[in-house]
Amino acid sequence: SMWMFSDLDNLLDKVYELKQKPLLLRLLRVVGIEDVWRSKDGRLYVTLDGENIQVQALGDGTISLLRLAALHSLVDKGIILVEEPETSMHPGYIALYAKILVDYVGQSKYRQAVLTTHSIELIDQVLEYARKANMLDKVLVILLSRFNDHIEVQPYSGSEAYESRRIIHEDLRGL
């Protein structure tokens, strides 16, 4: 499984090796994580609201966010591709991930993120955070719809997507 701790261990080792821990910690501020560190015996810990907690004691949602933030911090300049980040994520954590994502892209003009998703909740949250950060011009929502033997592509600028959320909801929910 891609959510295994050994994968997180490897990701964090790479983050440290590339000296990207400052970026990781900036992204994790949204969930209250102040530090991520390894004890002398090799166990991973986070400092969360002033308390040191072993990573394996965290909930799945927090671990998912930690993993996604670690992946993002590996790409300081360039494009990151993320397929369905909301998979197995608690709905409340979708908003936190959207905040991490908007912060990640907004912190540098040299970063882009491309997501695939079926989650209207994630799209809504990204649009809302982007609007609040005055970054709707950096968002592009592309709906792909299959009709018989062809695929229709409908692009929406961030502002258009924000104004057309009802249409996007209907497309994704089939209602």
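The largest pocket of this predicted model has a volume of about 970 Å³. Its lining is made up of 30 residues, and those that lie nearest the centre of the pocket are Val114, Leu115, Leu140, Val141 and Ile142. Beyond the pocket, the briefing turns to three helix pairs, in which H2 meets H3, H3 meets H4 and H4 meets H5.

**The largest pocket**

- Two or more residues of the lining are given by each of helix H4 (91–106), strand S5 (111–116), helix H5 (120–132), strand S6 (140–147) and helix H7 (165–173).
- Strand S5 provides the largest share of this lining, with 6 residues.
- Sorted by class, the residues that line the largest pocket are 19 nonpolar, 5 polar and 6 charged.

**Helices H4 and H5**

- The axes of H4 and H5, two helices that also contribute to the pocket lining, come within 8 Å and cross at roughly 45°, and the two helices are therefore oblique to each other.
- In this pair H4 passes H5 in a right-handed crossing.
- From H4, the residues Ile94, Ala95, Tyr97, Ala98, Lys99, Leu101 and Val102 take part in the contact, and they meet Glu121, Leu122, Gln125, Val126, Tyr129 and Ala130 of H5.
- The contact of H4 with H5 has 10 nonpolar residues, 1 polar residue and 2 charged residues.

**Helices H3 and H4**

- The axes of H3 and H4 come within 10 Å and cross at roughly 15°, which makes H3 roughly parallel to H4, since an angle under 35 degrees counts as such.
- H3 passes H4 in a right-handed crossing.
- On the H3 side the contact is formed by Gly61, Thr62, Leu65, Leu68 and His72, which meet Tyr93, Leu96, Tyr97, Ile100, Leu101 and Tyr104 on the H4 side.
- No charged residues appear in the contact of H3 with H4, which has 8 nonpolar and 3 polar residues.

**Helices H2 and H3**

- Helix H2 (residues 21–28) and helix H3 (residues 60–73) have axes that come within 9 Å and cross at roughly 135°, and this pair is therefore oblique.
- The crossing in which H2 passes H3 is right-handed.
- Leu23, Leu24, Leu27 and Leu28 are the residues of H2 that meet H3, where their partners are Leu65, Leu66, Ala69, Ala70, His72 and Ser73.
- By class, 8 nonpolar and 2 polar residues make up the contact of H2 with H3, with no charged residues.

Technical notes. Residues are numbered from 1 along each chain as its sequence is written. This is a predicted model: local features need pLDDT of at least 70, side-chain atom pairs count only at pLDDT 80 or more; totals for chains, interfaces and linings use all residues. Side-chain values use heavy atoms; hydrogens and water are left out. Axes are lines fitted to C-alpha atoms, for helices over the stretch in contact, and angles run from 0 to 180 degrees between N-to-C directions. Helices (H or I, at least four residues) and strands (E, at least two) are DSSP runs, numbered from the N terminus. Angles under 35 degrees count as roughly parallel, over 145 as roughly antiparallel, 65 to 115 as roughly perpendicular and the rest as oblique. A crossing is left-handed if the near helix is turned anticlockwise from the far one by less than a right angle, and right-handed if clockwise. Contact means heavy atoms within 4.5 Å. Ala, Val, Leu, Ile, Met, Phe, Trp, Tyr, Cys and Pro count as nonpolar, Asp, Glu, Lys and Arg as charged, and the others, Gly among them, as polar. On a 1 Å grid over the protein atoms alone, a cavity is a set of points where a 1.4 Å probe fits but cannot get out, and a pocket is an open set with protein on both sides within 12 Å along at least five of seven lines; lining residues have an atom within 4 Å of a point. Grid points are joined across faces, edges and corners, and a volume is the space filled by probe spheres set on the points.
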